[in-house]
Amino acid sequence: AFEERSWYGIDHGRAAMGVLVNDRSKNEQANFVAFTANPTSADDERMLVNAQMGELDVVSAGPGVIPEKVLLQVDEGVVSEILRVSQSSVVLPGVQVLSDSQLRELGGHLWTTREELPMDSEPPEGRDLLLDTEWKVLEDGRMICKQVRPFLR
């Protein structure tokens, strides 16, 4: 967060902070980053999911390590379309990091979070406020949220 504020010239003294503490886990099945809309396209309201097998890093992956990329169309909390854009570079052809069932569950959680999580302020005119979330699938198959933070699109 400090580096992002510095990059965008945001005064650190004006930023609000939050802390989430969760249990460490071993043998994660997957970890992923999900946005409540597509952060790279102002007109695309589909939710973006970038996922990777096990404990491999999604955001700061090593050279040539690419996460699975999926776009979810979610209407009133229900996933109506799953578009698998690209496959993870570390799995065999045809293998998916997240199943359709997991993506449907995730889409419902993201929709509820977006609809119910209060925001402290309105975004600047011409911009959207999305939620940038981090998740993991534990060894026992449970999906848990690690972090939720605002993202200005």
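**Exercise 1. Contacts along the chain**

Task: In this predicted model, what percentage of the contacts with a separation of 6 or more comes from residues 24 or more positions apart?

Solution: Start by setting aside every contact with a separation below 6. Among the contacts that remain, residues 24 or more positions apart account for 50%.

**Exercise 2. Elements and overall form**

Task: In which order do the helices and strands follow each other from the N terminus on, and how does the radius of gyration relate to the globule rule?

Solution: Begin with the count: the protein has 2 helices and 6 strands. Read from the N terminus, their order is α-β-β-β-β-α-β-β. Next comes the radius of gyration, which is 16 Å, close to the 15 Å that the globule rule gives for 153 residues, so the protein is as compact as a globular protein of that length. To round off the picture, the C-alpha trace spans about 45 × 30 × 30 Å along its principal axes.

**Exercise 3. Surface and charges**

Task: How much of the accessible surface belongs to carbon and sulfur atoms, and how far apart are the mean positions of the positive and negative charges?

Solution: First take the surface, about 9,800 Å² in total, with 51% belonging to carbon and sulfur atoms. As for the interior, 33% of the 153 residues count as buried. Then turn to the charges: there are 15 positive and 26 negative ones, and their mean positions lie 4 Å apart.

**Exercise 4. Two aromatic pairs**

Task: Which residues form the aromatic pair that is stacked, and which form the one that is edge-to-face?

Solution: A good way in is to ask for two values, since a pair of aromatic rings is described by the distance of the centres and the angle of the planes. Searching the whole structure gives 2 aromatic pairs.

- Step 1: F32 and W135 have ring centres 6.3 Å apart and planes at 0°, a stacked pair. Because F32 sits in strand β1 (residues 30-35) and W135 in strand β5 (residues 129-137), this pair ties together parts 103 residues apart in sequence. Both F32 and W135 are buried.
- Step 2: F35 and F151 have centres 5.1 Å apart and planes at 75°, which is edge-to-face. F35 belongs to strand β1 and F151 to strand β6 (residues 143-152), so here the parts tied together are 116 residues apart in sequence.
- Step 3: Check the accessibility of the second pair. F35 has a relative accessible area of 10%, so it is buried. F151 reaches 25% and is therefore partly exposed.

**Exercise 5. Buried or partly exposed?**

Task: Is N38 buried or partly exposed, and what about N50 and S121?

Solution: The cut-off you need is that buried means under 20% relative accessible area, while exposed means over 50%.

- N38 lies in the loop between β1 and β2 (47-53). Its relative accessibility is 7%, so N38 is buried. Leaving out residues up to four places away in sequence, N38 touches D44, R46, L48, L71, L130 and R153.
- N50 is part of strand β2. With a relative accessible area of 17%, N50 is buried. Beyond four places away in sequence, the residues that N50 touches include N31, F32 and V33, as well as P67.
- S121 is in the loop between α2 (100-116) and β5. A relative accessibility of 48% makes S121 partly exposed.

For a last look at S121, find K136, 15 residues away along the chain: the C-alpha atoms of the two are separated by 29 Å.

Key: Residues numbered from 1 in each chain as written. Predicted model: local features only at pLDDT ≥ 70, side-chain atom pairs only at ≥ 80, totals over all residues. Heavy atoms only, no water. Helix = DSSP H or I, 4+ residues; strand = E, 2+ residues; numbered from the N terminus. Rg over C-alpha atoms; globule rule 2.2 N^0.38 Å. Buried < 20%, exposed > 50% of the residue type's maximum accessible area, 1.4 Å probe, protein only. Contact = heavy atoms within 4.5 Å. Areas by Shrake-Rupley, 256 points an atom, 1.4 Å probe, with all protein chains shown as cover. Lys, Arg positive; Asp, Glu negative; His and termini not counted. Charge placed at Lys NZ, Arg CZ, Asp CG, Glu CD. Phe/Tyr/Trp six-rings, centres within 6.5 Å; stacked < 30°, edge-to-face > 60°.
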